[in-house]
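User: Please take a close look at one part of this predicted model, and explain in connected steps how each conclusion is reached. I am a first-year student, so longer sentences are welcome if they are careful.

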Amino acid sequence: MRPERRIGAGGRAGRLSLLAVLFLAGATFASASRETPPAAGAPQACLHCHPQVSLEGTVHAGFTCESCHAGLVRREGTPAHQARKDLPPPTCTASCHQQPAASRPGGSPAAYPDSVHGRAYLERHVPEVARCWDCHGRHVIKAAADPDSLVSRHNIPMTCSRCHEDMSVVIKYNIHAESPYREYSRSVHGSVLAAEDGGGFAAVCTDCHGVHDIQGVGAPRLPAREPATCGKCHALALEEYARSIHGREALKGNPDVPLCVDCHGEHTVAPPAAPGSPTAKARVPDTCSACHARPEIMRKYGVPEDRIATFIDSFHGIAIGMGGTAEANCVDCHGVHDIRPAADPGSRVYPANLQKTCGQAACHPRMTARIAGTMIHRDYGRRGSGAPYYVRKALLWLVFIATALSVLYFLPALLRRARGSKTP
């Protein structure tokens, strides 16, 4: 029994020794933990001075402050780091957001340095230019799909307006669009976006201008002016346009041809039924005249220079000028997006197609081929216009002769009255 008790006593002694070692190790670890400062950038350390900052509920929840403020240098005193003016700004692509631009064209932050904003900020150090946190927020950054995010589709126009509606910024940097948000809010796109049900899809700033790769006016490639940009939503219109005389030349890079924004406007796009729309019935001739009333362009491509003037003087043009809404204008005869030269067999004004074009149900359904072949763009002041030229001349001569005979008839009486003669 004694040997067993010796073994039991030795086991108890060993256990006590082990407990003592563990206690001392724990005490040492606890002491070291109390003396070691919190991990660098731990939010609880920063919240002593910045209690209003919170990352909870954001896409950066769980991040430390120094995850973004990597240049922060801790020190004794107040503040516990360098002054704000000496703090280097966050670099969002330093350790995060490094997706290659080629994998997500335009949408990758890697495209920002080559954008109009990125060049101004990184190369010229412009203070008012948009940076990551100006668009996405500073600390309360939420996913784009979150309705409360600054970059959610519904909020993007308002986010962009914070700079682009600031007239001090617009004037200082000569931004060509002075009130893009106010114009957009009244457009067909803005109206759909602002609808209470929110069920409609409408283009917003980033759909036309790009996301991180936004370019400025004068850039060789400006997505906001490219038909392909509008074609992302208006595929059928783009398909028709690409086959038209305008579209074929635009795809070649011809700067003289009209693009979507030249006819429909930029931020003020409105449906044709809106009275102020460039494509409203009464305004279509004015819209087309932006090119077709310019002699230098018309001569360059062999197009008659008088197409707008002769239309205004035609029966259709006179009726529209007087407020008519049923008369044909340029697009009723030539097409909308599918305009082709008159010599093209696919053109609506090709001689063999005129009867069908003029014979539309809303125009002249009983139009004969002979009448349909009558010239619309006819300058009555030119001999080549045929009979109307001579009729016009005859009428002018009749007016001249009638005026001369009237003067000759009344002249003797006027002379007698001037001399005071009483002879009847």
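Analyst: With a relative accessibility of 15%, Cys 46 counts as buried, because buried means under 20% relative accessible area. The cysteine sulfur closest to that of Cys 46 belongs to Cys 65, and the separation of 3.4 Å is too far for a bond, since a disulfide needs two cysteine sulfur atoms within 2.5 Å. A second cysteine can be read in the same way. Cys 205 has its closest cysteine sulfur in Cys 160, at 3.9 Å, which is again too far for a bond, although Cys 205 is partly exposed, at 21% relative accessible area. The structure as a whole holds 0 disulfides.

It helps to set these residues against the whole chain. The predicted chain has 21 helices and 0 strands, and of its 424 residues, 25% are buried. Among contacts with a separation of 6 or more, 42% join residues that are 24 or more positions apart. The accessible surface comes to about 28600 Å², and carbon and sulfur atoms account for 62% of that area.

Another cysteine appears in helix H14, which spans residues 284–292 and in which Cys 291 is buried along with Val 284, Pro 285, Thr 287 and Ser 289. These buried residues of H14 pack against four helices, namely H13 (260–264), H15 (295–300), H16 (307–312) and H18 (330–334).

A further buried position is found in helix H12, residues 245–251, where Ala 250 lies. Ala 250 is buried because its relative accessible area is 18%, which falls under the 20% cut-off. Leaving aside residues up to four places away in sequence, Ala 250 touches Tyr 241, Val 257 and Leu 259. Ala 250 is also 8.5 Å from Pro 227, C-alpha to C-alpha, with their positions 23 residues apart in sequence.

Leu 259, one of the residues that Ala 250 touches, leads on to the second largest pocket, since Leu 259 is among the residues nearest the centre of that pocket, together with Arg 225, Gly 253, Asn 254 and Pro 255. The lining of the second largest pocket has 20 residues, and by class these are 12 nonpolar, 2 polar and 6 charged. The space in this pocket is about 400 Å³.

Definitions and conventions. Residues are numbered from 1 along each chain as its sequence is written. This is a predicted model: local features need pLDDT of at least 70, side-chain atom pairs count only at pLDDT 80 or more; totals for chains, interfaces and linings use all residues. Side-chain values use heavy atoms; hydrogens and water are left out. On a 1 Å grid over the protein atoms alone, a cavity is a set of points where a 1.4 Å probe fits but cannot get out, and a pocket is an open set with protein on both sides within 12 Å along at least five of seven lines; lining residues have an atom within 4 Å of a point. Grid points are joined across faces, edges and corners, and a volume is the space filled by probe spheres set on the points. Ala, Val, Leu, Ile, Met, Phe, Trp, Tyr, Cys and Pro count as nonpolar, Asp, Glu, Lys and Arg as charged, and the others, Gly among them, as polar. Buried means under 20% relative accessible area, exposed over 50%, partly exposed in between (1.4 Å probe, protein chains only). Helices (H or I, at least four residues) and strands (E, at least two) are DSSP runs, numbered from the N terminus. Contact means heavy atoms within 4.5 Å. Accessible areas come from the Shrake-Rupley method with a 1.4 Å probe; for residues, only the protein chains shown count as cover.
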